[in-house]
Each structure stands twice: as structure tokens, then as C-alpha cells.
Amino acid sequence: KIFRLLTIGIAAAVFAACTSPATNTTNTANSAPPQNTPKQAAAESKPGTPGMSPTETLKALSHAWAKRDVEAIKGYLSQGTLERLEIGAQEQNKTSDEILKEKDGAPFPKLPELGAEAIDGDNATVEVRNPETREFEKLPFVKEDGRWKVALDIYLDNLDAEMAEEMKKAENKDR
């Protein structure tokens with residue numbers, strides 16, 4: 001829950017104010033920093049290169065953030081995420097580029113341990129281990145223009161729905 005709260009906090013600061021059963025699943029557990037592979041090198045010059053898996057996209061996003069490569073970071077984020085980023089930046093009287101250059105401005109400054117990747121059509125998830133609870137949480141991805149993009153907007157919408165459901169259960173329990 002702490003990891004979730006931290007993620008919400010970071011996402012809220014950046015963006016402030018899942019899929020059906022998988023048809024393709026692979027286990028890609030990895031907590032090491034991204035390696036400089038040919039796909040990684042291509043990703044650095046062209047974010048979200050076609051053919052990159054969701055897991056590779058997440059690794060490339062983390063690598064781009066470490067370099068503070070704002071254009072590359074944006075290339076790995078879904079359109080919905082970028083729209084939320086713009087709204088959050090405007091509310092803070094900043095640009096999205098300024099937000100992404102801040103120390104805690106971009107998601108996944110340190111790549112967490114990754115688990116299974118599940119792809120279902122143009123939607124996917126990658127399991128990301130919560131360092132506090134050691135449990136995996138599913139991070140959603142969407143395919144846009146043939147490239148996998150991290151969908152933090154969907155993640156936040158899912159968290160909002162979960163929190164609303166938990167509050168509803170708590171209210172019903174108190175009755």
C-alpha cells in the first residue's frame with residue numbers, strides 16, 4: 001500500500017488536479033537497471049519503437065528518465081497520460097517539460113522488479129513489484145500507433161475505482 005500511495009503521490013503531482021484475460025504471457029522478472037541493447041539504443045533515438053514489448057518500453061522509460069530525456073519520456077507515455085500531465089502542469093503554472101525534469105517528476109526513476117507481462121490485443125499489463133509489500137501490481141499499457149505506451153491515466157482511474165469501492169464497503173460495514 002505504501003508503494004501504491006507513493007505511486008499515487010508521484011502521479012498526482014505529475015498528473016494532478018484491466019485488461020481481459022491475457023492471450024500472451026511471459027515472465028520477465030528483472031530488477032537490474034536497463035541494459036544497453038540494440039532495441040534500447042533504437043528506443044533512445046525513437047521512443048516507443050515498434051516491436052518493443054511493454055516490458056522493454058518500461059525499461060526504456062526508466063532509462064530515459066535517468067537521462068532526463070523529456071522527449072523520450074513523452075514518447076513512452078500514452079496520449080491519456082500526456083493529457084493528464086498537461087493539465088497537472090497547467091494547474092502548477094508549469095510546462096509538462098518542467099514537471100518531467102523535476103527530481104520526482106517522471107514515473108519510475110528507479111526501475112522496480114518486473115514480473116509477468118500479459119498482452120491482450122492493444123492492451124497489456126506488466127507486473128511491477130511493490131518494494132514495500134513485495135507484492136506485484138499490474139501496470140497498464142496501451143498500443144498507440146503500433147507502439148506500447150505506459151498508461152498511467154488508466155492506472156490512476158483503476159486506483160480511483162478501487163478506492164471508491166473500498167470506501168463504499170467501509171460505509172456499508174458501518175451500517
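Phe-141 stands opposite Val-150 in strand E5, a good place to start on this predicted model. Strands, like helices, are DSSP runs numbered from the N terminus (E, at least two residues, for strands; H or I, at least four, for helices). E5 covers residues 147-150 and is joined to E4 by 4 bridges, with the two strands running antiparallel. Strands are taken to pair if DSSP finds at least two bridges between them. E4 and E5 make a hairpin with 2 residues in between, and Asp-145 in the turn has a positive phi of about 50 degrees.

Some ground rules on the numbers come next. Residues are numbered from 1 along each chain as its sequence is written, and side-chain values use heavy atoms, with hydrogens and water left out. Because the model is predicted, local features need pLDDT of at least 70 and side-chain atom pairs count only at pLDDT 80 or more, while totals for chains, interfaces and linings use all residues.

As for the overall layout, the protein has 7 helices and 5 strands. Read from the N terminus, the elements go α-β-α-α-α-α-α-β-β-β-β-α. Of the 175 residues in the protein, 39% are buried, where buried means under 20% relative accessible area, exposed over 50% and partly exposed in between (1.4 Å probe, protein chains only).

Back in E4, Lys-143 lies in this strand and is partly exposed, its relative accessible area being 34%. Leaving aside residues up to four places away in sequence, Lys-143 touches Asp-122 and Trp-148; contact here means heavy atoms within 4.5 Å. Lys-143 and Gly-121 are 22 residues apart in sequence, yet their C-alpha atoms are 8.4 Å apart in space. Ahead of E4, the loop between strand E3 (123-129) and E4 (136-144) holds Arg-134. Arg-134 is not a glycine, but has a positive phi of about 65 degrees. With 47% relative accessibility, Arg-134 counts as partly exposed.

Among the helices, H3 is a well-buried one: 10 of its 14 residues are buried, so H3 is largely enclosed by the rest of the structure. The buried set runs through Pro-54, Thr-55, Thr-57, Leu-58, Lys-59, Ala-60, Leu-61, Ser-62, Ala-64 and Trp-65. The end C-alpha atoms of H3 are 20 Å apart, in agreement with the 20 Å that 14 residues should span at 1.5 Å a residue; the expected span is 1.5 Å times one less than the number of residues. Trp-65 sits in H3 (residues 54-67) and is buried, with a relative accessible area of 7%. Trp-65 and Leu-100 are 35 residues apart in sequence and 8.2 Å apart in space, C-alpha to C-alpha. After H3 comes Arg-68, with a positive phi near 60 degrees.

H5 (residues 79-91) also has the span expected of it: its 13 residues should cover 18 Å at 1.5 Å a residue, and its end C-alpha atoms are 19 Å apart, which agrees. Gly-80, Thr-81, Leu-82, Leu-85, Gly-88 and Ala-89 are buried in H5. Asn-93 follows just after H5, in the loop that leads to helix H6 (96-101). Although not a glycine, Asn-93 has a positive phi of about 55 degrees. Its 72% relative accessibility makes Asn-93 count as exposed.

H7 (residues 152-174) has 23 residues and reaches 33 Å from first C-alpha to last, close to the 33 Å expected at 1.5 Å a residue. Its buried residues include Leu-152, Asp-153, Tyr-155, Leu-156 and Leu-159.

How do H5 and H7 meet? Their axes come within 6 Å and cross at roughly 80 degrees, the axes being lines fitted to C-alpha atoms, for helices over the stretch in contact, with angles running from 0 to 180 degrees between N-to-C directions. H5 and H7 are therefore roughly perpendicular to each other (65 to 115 degrees, with under 35 roughly parallel, over 145 roughly antiparallel and the rest oblique). Gly-80, Thr-81 and Arg-84 of H5 make the contact with Leu-152, Asp-153, Leu-156 and Asp-157 of H7. By type, the residues of this contact divide into 2 nonpolar, 2 polar and 3 charged. Ala, Val, Leu, Ile, Met, Phe, Trp, Tyr, Cys and Pro count as nonpolar, Asp, Glu, Lys and Arg as charged, and the others, Gly among them, as polar.
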